Amino acid sequence: MDDKDLIAAATALVGDFAPGRDCTAGGVAAALLTAKGNIYTGICVDTACSMGFCAEHAAVAEMLKARESEIRTIVAVTNPEGIIAPCGRCRELMWQIDERNAKARVIVGPDKVMSLAELLPHHWRGC
């Protein structure tokens with residue numbers, strides 16, 4: 001699996017829909033590749049009272065259900081912007097579930113990849 005395949009997996013899931021009057025979902029989708037070579041995906045959920053969650057969180061939860069925690073590569077996409085960088089909350093979640101994820105590759109643009117450590121250069125743990 002290369003970066004283009006991972007981007008395609010996330011892109012295939014993007015598309016807003018409204019499951020309820022106070023909720024939309026699917027505006028952002030994420031796909032991650034684990035160190036074991038498995039792919040997990042997720043979509044965002046946005047609610048009127050801010051109780052939703054990011055697509056990256058959903059993908060991480062899927063990974064954790066399979067008892068994996070080490071991310072090799074992750075990407076988030078939306079329409080029409082395309083690839084977007086994970087928010088600070090998502091960055092922190094990835095780091096805290098497994099410190100090895102500091103080395104995870106984060107696709108932040110069509111031809112740009114950064115490590116999670118580069119996106120969180122002054123982590124509060126000092127790692």
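These legends describe close-up views of a predicted model.

**View 1. T73 in strand β4.**
T73 sits in strand β4, which spans residues 71–78. Its relative accessibility is 3%, so T73 counts as buried; the cut-off for buried is under 20%. The T73 side chain makes a polar contact with the side chain of R105, at 3.0 Å. Beyond residues up to four places away in sequence, T73 touches D3, L6, A31, L32, L33, R105 and I107. R105 thus appears both as a contact of T73 and as the residue opposite T73 in β6.

**View 2. Strand β6 and its two partners.**
Strand β6 covers residues 105–109. On one side of the pairing list is β4: β4 and β6 pair in the parallel sense over 2 bridges. Here T73 stands opposite R105. The other partner is β7, residues 112–115, which runs antiparallel to β6 and is joined to it by 4 bridges. I107 has V113 of β7 as its bridge partner. β6 and β7 form a hairpin, with 2 residues between them. Of the 5 residues of β6, 4 are buried, so the strand is largely enclosed by the rest of the structure.

**View 3. The buried residues of helix α2.**
Helix α2 spans residues 55–65. Its buried residues are A55, E56, H57, A58, A59, V60 and M63. The list includes E56 and H57 along with A58 and V60. These buried residues pack against three strands, β2 (23–34), β3 (39–47) and β4, and against helix α3 (88–97).

**View 4. The largest nonpolar core.**
This core holds 21 residues, and L32 and I71 touch the most other members. At least two residues come from each of β2, β3, α2, β4, α3, β6 and α4 (116–119). Helix α2 gives the largest share, 4 residues. In soluble globular proteins, nonpolar side chains tend to be buried together.

**View 5. Around I71, and a second core.**
Setting aside neighbours within four places in sequence, I71 is in contact with L32, L33, T34, V60, M63, M94, N101 and A104. Two of these contacts, V60 and M63, are among the buried residues of α2. Apart from the largest core lies another, of 11 residues. Its members include L6, I7, L33 and V75. L33 is also a contact of I71 and of T73.

**View 6. Two positive phi values in loops.**
Most residues other than glycine have a negative phi. S50 departs from this, with a positive phi near 65°. S50 lies in the loop between β3 and α2. Its relative accessible area is 68%, so S50 is exposed. R67 also has a positive phi, near 65°. R67 comes just after α2, in the loop between α2 and β4. With a relative accessible area of 71%, R67 is exposed. The cut-off for exposed is over 50%.

**View 7. The cis peptide bond at N79 and P80.**
Most peptide bonds are trans. The bond joining N79 and P80 is cis, with omega about 0°. P80 is found in the loop between β4 and β5 (82–84). Strand β4 is also the place of T73.

Technical notes:
Residues numbered from 1 in each chain as written. Predicted model: local features only at pLDDT ≥ 70, side-chain atom pairs only at ≥ 80, totals over all residues. Heavy atoms only, no water. Buried < 20%, exposed > 50% of the residue type's maximum accessible area, 1.4 Å probe, protein only. Polar contact = N/O pair within 3.5 Å; in protein donor to acceptor, adjacent residues only side chain to side chain. Contact = heavy atoms within 4.5 Å. Core = buried A, V, L, I, M, F, W, Y, C linked by side-chain atoms within 4.5 Å. Pairing = 2+ DSSP bridges.
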